[in-house]
Amino acid sequence: MTAHGALYGLVLAGGRSSRMGQDKSRLSWLGKPLYQHMASLLAQAGIGNVLISGSGFAGEVSVNEHGPTDGSAIESIEDVVPGRGPLSGIHATFQHLQDGDRLLVIPVDMPLVPADAIRMLCDHQQPCCFEGFNLPVVLPVNAESRQMVEKAIQSDNPKDYALWRLHQQLGGEAMPLPFSMEDLFVNANTPEDWRDLVDRF
(Lines give C-alpha, C1' and ligand atoms only; values in the text may rest on other atoms or scores of the structure.)
Protein backbone atom coordinates (compact mmCIF):
# COMPACT_ATOMS: atom_id res chain seq x y z
CA MET A 1 0.00 0.00 0.00
CA THR A 2 1.05 3.59 -0.50
CA ALA A 3 1.35 6.58 1.78
CA HIS A 4 -1.29 7.86 4.19
CA GLY A 5 -4.05 9.90 2.58
CA ALA A 6 -4.08 8.01 -0.74
CA LEU A 7 -7.00 7.41 -3.07
CA TYR A 8 -7.66 3.76 -3.93
CA GLY A 9 -9.95 2.21 -6.50
CA LEU A 10 -11.72 -1.06 -5.79
CA VAL A 11 -13.28 -3.24 -8.49
CA LEU A 12 -15.93 -5.48 -6.95
CA ALA A 13 -15.32 -8.78 -8.72
CA GLY A 14 -16.02 -11.33 -5.99
CA GLY A 15 -19.71 -11.98 -6.60
CA ARG A 16 -21.13 -15.39 -7.37
CA SER A 17 -22.58 -14.30 -10.76
CA SER A 18 -25.35 -16.85 -10.21
CA ARG A 19 -27.81 -15.17 -12.57
CA MET A 20 -25.16 -14.79 -15.27
CA GLY A 21 -24.29 -18.49 -15.19
CA GLN A 22 -20.56 -17.76 -15.41
CA ASP A 23 -17.98 -15.51 -13.79
CA LYS A 24 -18.89 -11.98 -14.92
CA SER A 25 -15.44 -10.65 -14.13
CA ARG A 26 -13.93 -12.75 -16.93
CA LEU A 27 -16.41 -11.95 -19.68
CA SER A 28 -14.60 -10.48 -22.67
CA TRP A 29 -14.87 -6.72 -23.18
CA LEU A 30 -12.80 -5.08 -25.91
CA GLY A 31 -10.69 -8.21 -26.13
CA LYS A 32 -9.79 -8.52 -22.47
CA PRO A 33 -11.43 -9.77 -19.25
CA LEU A 34 -14.01 -7.37 -17.86
CA TYR A 35 -12.17 -6.90 -14.57
CA GLN A 36 -9.10 -5.71 -16.49
CA HIS A 37 -11.21 -3.20 -18.37
CA MET A 38 -12.65 -1.86 -15.12
CA ALA A 39 -9.17 -1.64 -13.58
CA SER A 40 -8.04 0.30 -16.66
CA LEU A 41 -11.03 2.62 -16.30
CA LEU A 42 -10.01 3.51 -12.75
CA ALA A 43 -6.46 4.14 -13.90
CA GLN A 44 -7.71 6.37 -16.73
CA ALA A 45 -9.65 8.36 -14.13
CA GLY A 46 -6.38 9.08 -12.35
CA ILE A 47 -6.53 6.46 -9.60
CA GLY A 48 -3.07 5.00 -9.28
CA ASN A 49 -3.85 2.42 -6.61
CA VAL A 50 -6.18 -0.20 -8.06
CA LEU A 51 -7.44 -3.17 -6.06
CA ILE A 52 -9.61 -6.13 -7.03
CA SER A 53 -12.11 -7.60 -4.58
CA GLY A 54 -12.16 -11.36 -5.15
CA SER A 55 -9.84 -14.32 -5.52
CA GLY A 56 -7.73 -15.55 -8.40
CA PHE A 57 -6.66 -12.20 -9.84
CA ALA A 58 -3.22 -11.68 -8.28
CA GLY A 59 -0.33 -11.75 -10.71
CA GLU A 60 -2.45 -11.49 -13.85
CA VAL A 61 -2.13 -7.82 -14.76
CA SER A 62 -0.85 -4.47 -13.53
CA VAL A 63 -2.32 -1.04 -14.13
CA ASN A 64 -0.94 2.37 -14.98
CA GLU A 65 -2.48 5.48 -16.50
CA HIS A 66 -2.53 3.78 -19.90
CA GLY A 67 -4.35 0.70 -18.63
CA PRO A 68 -3.28 -2.87 -17.82
CA THR A 69 0.28 -3.79 -18.68
CA ASP A 70 2.65 -6.61 -17.93
CA GLY A 71 4.68 -6.20 -14.77
CA SER A 72 3.75 -5.83 -11.12
CA ALA A 73 0.40 -7.33 -10.17
CA ILE A 74 -2.85 -5.74 -9.15
CA GLU A 75 -3.47 -6.39 -5.49
CA SER A 76 -6.28 -8.86 -4.99
CA ILE A 77 -8.21 -8.76 -1.70
CA GLU A 78 -10.38 -11.67 -0.61
CA ASP A 79 -13.46 -11.26 1.55
CA VAL A 80 -13.01 -11.75 5.28
CA VAL A 81 -16.75 -12.09 5.85
CA PRO A 82 -18.21 -13.45 2.58
CA GLY A 83 -21.82 -13.40 1.52
CA ARG A 84 -22.55 -9.73 2.27
CA GLY A 85 -22.41 -8.47 -1.31
CA PRO A 86 -20.40 -5.29 -1.99
CA LEU A 87 -20.12 -4.70 1.75
CA SER A 88 -17.87 -7.76 2.04
CA GLY A 89 -15.38 -6.30 -0.43
CA ILE A 90 -15.42 -2.90 1.25
CA HIS A 91 -14.98 -4.43 4.70
CA ALA A 92 -11.98 -6.52 3.63
CA THR A 93 -10.36 -3.61 1.80
CA PHE A 94 -10.77 -1.23 4.74
CA GLN A 95 -8.54 -3.57 6.73
CA HIS A 96 -5.69 -2.86 4.30
CA LEU A 97 -6.09 0.94 4.26
CA GLN A 98 -5.15 3.70 6.68
CA ASP A 99 -7.33 6.37 8.22
CA GLY A 100 -7.24 9.36 5.92
CA ASP A 101 -7.33 7.26 2.76
CA ARG A 102 -10.34 7.24 0.42
CA LEU A 103 -11.83 4.34 -1.51
CA LEU A 104 -13.63 4.60 -4.86
CA VAL A 105 -15.74 1.46 -5.26
CA ILE A 106 -17.12 0.31 -8.62
CA PRO A 107 -18.79 -2.95 -9.70
CA VAL A 108 -17.11 -5.14 -12.27
CA ASP A 109 -20.15 -5.13 -14.57
CA MET A 110 -20.53 -1.42 -15.45
CA PRO A 111 -18.09 -1.08 -18.36
CA LEU A 112 -19.81 1.93 -19.95
CA VAL A 113 -19.30 4.24 -16.98
CA PRO A 114 -17.11 7.10 -18.26
CA ALA A 115 -13.84 8.02 -16.59
CA ASP A 116 -15.18 11.57 -16.23
CA ALA A 117 -17.91 10.33 -13.88
CA ILE A 118 -15.32 8.61 -11.70
CA ARG A 119 -13.25 11.80 -11.60
CA MET A 120 -16.29 13.71 -10.39
CA LEU A 121 -16.64 11.35 -7.44
CA CYS A 122 -12.91 11.46 -6.71
CA ASP A 123 -13.17 15.19 -6.05
CA HIS A 124 -15.19 14.48 -2.89
CA GLN A 125 -13.68 13.91 0.53
CA GLN A 126 -16.96 12.69 2.05
CA PRO A 127 -19.15 9.74 0.96
CA CYS A 128 -20.60 10.48 -2.45
CA CYS A 129 -22.43 8.65 -5.23
CA PHE A 130 -24.80 9.67 -8.02
CA GLU A 131 -28.53 10.04 -7.48
CA GLY A 132 -30.29 6.75 -8.13
CA PHE A 133 -27.09 4.68 -7.99
CA ASN A 134 -25.37 3.15 -4.95
CA LEU A 135 -22.29 2.42 -7.08
CA PRO A 136 -19.84 3.75 -7.95
CA VAL A 137 -19.27 5.46 -4.62
CA VAL A 138 -16.36 7.16 -2.89
CA LEU A 139 -15.90 6.46 0.83
CA PRO A 140 -13.53 8.01 3.35
CA VAL A 141 -11.56 5.62 5.52
CA ASN A 142 -11.77 6.79 9.13
CA ALA A 143 -12.91 5.63 12.54
CA GLU A 144 -16.57 6.37 11.83
CA SER A 145 -16.73 4.58 8.49
CA ARG A 146 -14.81 1.59 9.87
CA GLN A 147 -17.22 1.33 12.78
CA MET A 148 -20.28 1.54 10.52
CA VAL A 149 -18.93 -1.08 8.11
CA GLU A 150 -17.98 -3.44 10.93
CA LYS A 151 -21.36 -3.09 12.59
CA ALA A 152 -23.21 -3.69 9.33
CA ILE A 153 -21.24 -6.74 8.30
CA GLN A 154 -21.67 -8.40 11.70
CA SER A 155 -25.45 -7.93 11.59
CA ASP A 156 -27.79 -10.88 11.12
CA ASN A 157 -30.22 -8.66 9.21
CA PRO A 158 -29.51 -8.69 5.45
CA LYS A 159 -31.03 -5.22 5.17
CA ASP A 160 -27.98 -3.90 7.00
CA TYR A 161 -25.72 -5.01 4.13
CA ALA A 162 -27.29 -2.48 1.76
CA LEU A 163 -24.87 0.21 0.56
CA TRP A 164 -27.59 2.85 0.52
CA ARG A 165 -27.99 2.35 4.26
CA LEU A 166 -24.26 2.71 4.89
CA HIS A 167 -24.20 5.82 2.71
CA GLN A 168 -27.12 7.28 4.65
CA GLN A 169 -25.59 6.51 8.05
CA LEU A 170 -22.37 8.23 7.02
CA GLY A 171 -24.24 11.35 5.90
CA GLY A 172 -23.25 10.82 2.29
CA GLU A 173 -24.05 13.08 -0.64
CA ALA A 174 -25.78 12.09 -3.90
CA MET A 175 -24.87 14.17 -6.94
CA PRO A 176 -27.20 14.60 -9.91
CA LEU A 177 -26.05 12.37 -12.75
CA PRO A 178 -25.30 14.43 -15.88
CA PHE A 179 -27.93 13.82 -18.55
CA SER A 180 -25.27 12.78 -21.05
CA MET A 181 -24.26 9.88 -18.77
CA GLU A 182 -27.68 8.51 -17.87
CA ASP A 183 -27.60 5.71 -20.46
CA LEU A 184 -24.10 4.64 -19.42
CA PHE A 185 -24.85 3.62 -15.84
CA VAL A 186 -26.05 0.11 -16.61
CA ASN A 187 -24.80 -3.20 -15.31
CA ALA A 188 -25.28 -6.80 -16.37
CA ASN A 189 -26.70 -9.50 -14.11
CA THR A 190 -28.01 -11.95 -16.72
CA PRO A 191 -26.90 -13.14 -20.18
CA GLU A 192 -29.71 -11.00 -21.63
CA ASP A 193 -28.41 -7.94 -19.78
CA TRP A 194 -24.95 -8.63 -21.13
CA ARG A 195 -26.14 -8.93 -24.72
CA ASP A 196 -28.09 -5.68 -24.37
CA LEU A 197 -25.04 -3.94 -22.92
CA VAL A 198 -22.78 -5.17 -25.73
CA ASP A 199 -25.35 -4.12 -28.32
CA ARG A 200 -25.62 -0.70 -26.72
CA PHE A 201 -21.84 -0.28 -26.87
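# Exercises on helix packing and nonpolar cores

In helix α2, the residues L87, S88, G89, I90, H91, A92, T93 and F94 are buried. The model examined in these exercises is predicted.

**Exercise 1.** Determine how far α2 is enclosed by the rest of the structure, and describe how α2 packs against α4.

*Solution.*

Step 1. Burial is assigned under 20% relative accessible area. Eight of the nine residues of α2 are buried, so this helix is largely enclosed by the rest of the structure.

Step 2. Two packed helices are described by the angle between their axes and the distance between the axes. For α2 (residues 86-94) and α4 (residues 143-153), the axes cross at roughly 135° and come within 10 Å. This makes α2 oblique to α4, since angles over 145 degrees would be needed for roughly antiparallel.

Step 3. The handedness of the α2 and α4 crossing is left-handed.

Step 4. On the α2 side, L87, S88, I90, H91 and F94 make the contact, and on the α4 side S145, R146, V149, E150, A152 and I153 do so. By class, the residues of this contact comprise six nonpolar, three polar and two charged.

**Exercise 2.** Characterise the packing of α1 against α3, and establish which residues of α1 are buried.

*Solution.*

Step 1. The axes of α1 (residues 34-44) and α3 (residues 115-122) lie 8 Å apart, and the packing angle is about 55°. Accordingly, α1 is oblique to α3.

Step 2. The crossing of α1 past α3 is right-handed. It is L41, L42 and Q44 of α1 that meet A115, I118 and R119 of α3. Four of the residues in this contact are nonpolar, one is polar and one is charged.

Step 3. The buried residues of α1 are L34, Y35, Q36, H37, M38, A39, S40, L41, L42 and A43. With ten of its eleven residues buried, α1 is therefore largely enclosed by the rest of the structure.

Step 4. After α1 comes G46, which has a positive phi, near 95°.

**Exercise 3.** Identify the residues that touch the most other members of the largest nonpolar core, and state which element gives the most to this core.

*Solution.*

Step 1. The largest nonpolar core holds 37 residues, of which L42, L104, I106, V113, I118 and F185 touch the most other members.

Step 2. At least two residues of this core come from each of β1 (7-12), α1, β4 (49-53), β8 (102-107), α3, β9 (128-130) and α6 (191-200). The greatest contribution is that of α1, with six residues.

Step 3. Take I118 as an example. Beyond its neighbours within four places in sequence, I118 is in contact with L41, L42, A45, I47, L104, I106 and V113.

Step 4. Another core, of 26 residues, lies apart from the largest one; L10, L87, L103 and A152 are among its members.

**Exercise 4.** Decide whether V105 is buried or exposed, and list the residues that V105 touches.

*Solution.*

Step 1. V105 is located in strand β8.

Step 2. The relative accessible area of V105 is 0%. The cut-off for burial is under 20%, and V105 is therefore buried.

Step 3. Not counting residues up to four places away in sequence, V105 touches L10, L12, I90, L135, P136, V137 and L139.

Step 4. V105 and L51 are 54 residues apart along the chain, and 9.5 Å separates their C-alpha atoms.

Key
Residues are numbered from 1 along each chain as its sequence is written. This is a predicted model: local features need pLDDT of at least 70, side-chain atom pairs count only at pLDDT 80 or more; totals for chains, interfaces and linings use all residues. Side-chain values use heavy atoms; hydrogens and water are left out. Axes are lines fitted to C-alpha atoms, for helices over the stretch in contact, and angles run from 0 to 180 degrees between N-to-C directions. Helices (H or I, at least four residues) and strands (E, at least two) are DSSP runs, numbered from the N terminus. Angles under 35 degrees count as roughly parallel, over 145 as roughly antiparallel, 65 to 115 as roughly perpendicular and the rest as oblique. A crossing is left-handed if the near helix is turned anticlockwise from the far one by less than a right angle, and right-handed if clockwise. Contact means heavy atoms within 4.5 Å. Ala, Val, Leu, Ile, Met, Phe, Trp, Tyr, Cys and Pro count as nonpolar, Asp, Glu, Lys and Arg as charged, and the others, Gly among them, as polar. A nonpolar core is a set of buried Ala, Val, Leu, Ile, Met, Phe, Trp, Tyr and Cys residues joined through side-chain atoms within 4.5 Å. Buried means under 20% relative accessible area, exposed over 50%, partly exposed in between (1.4 Å probe, protein chains only).
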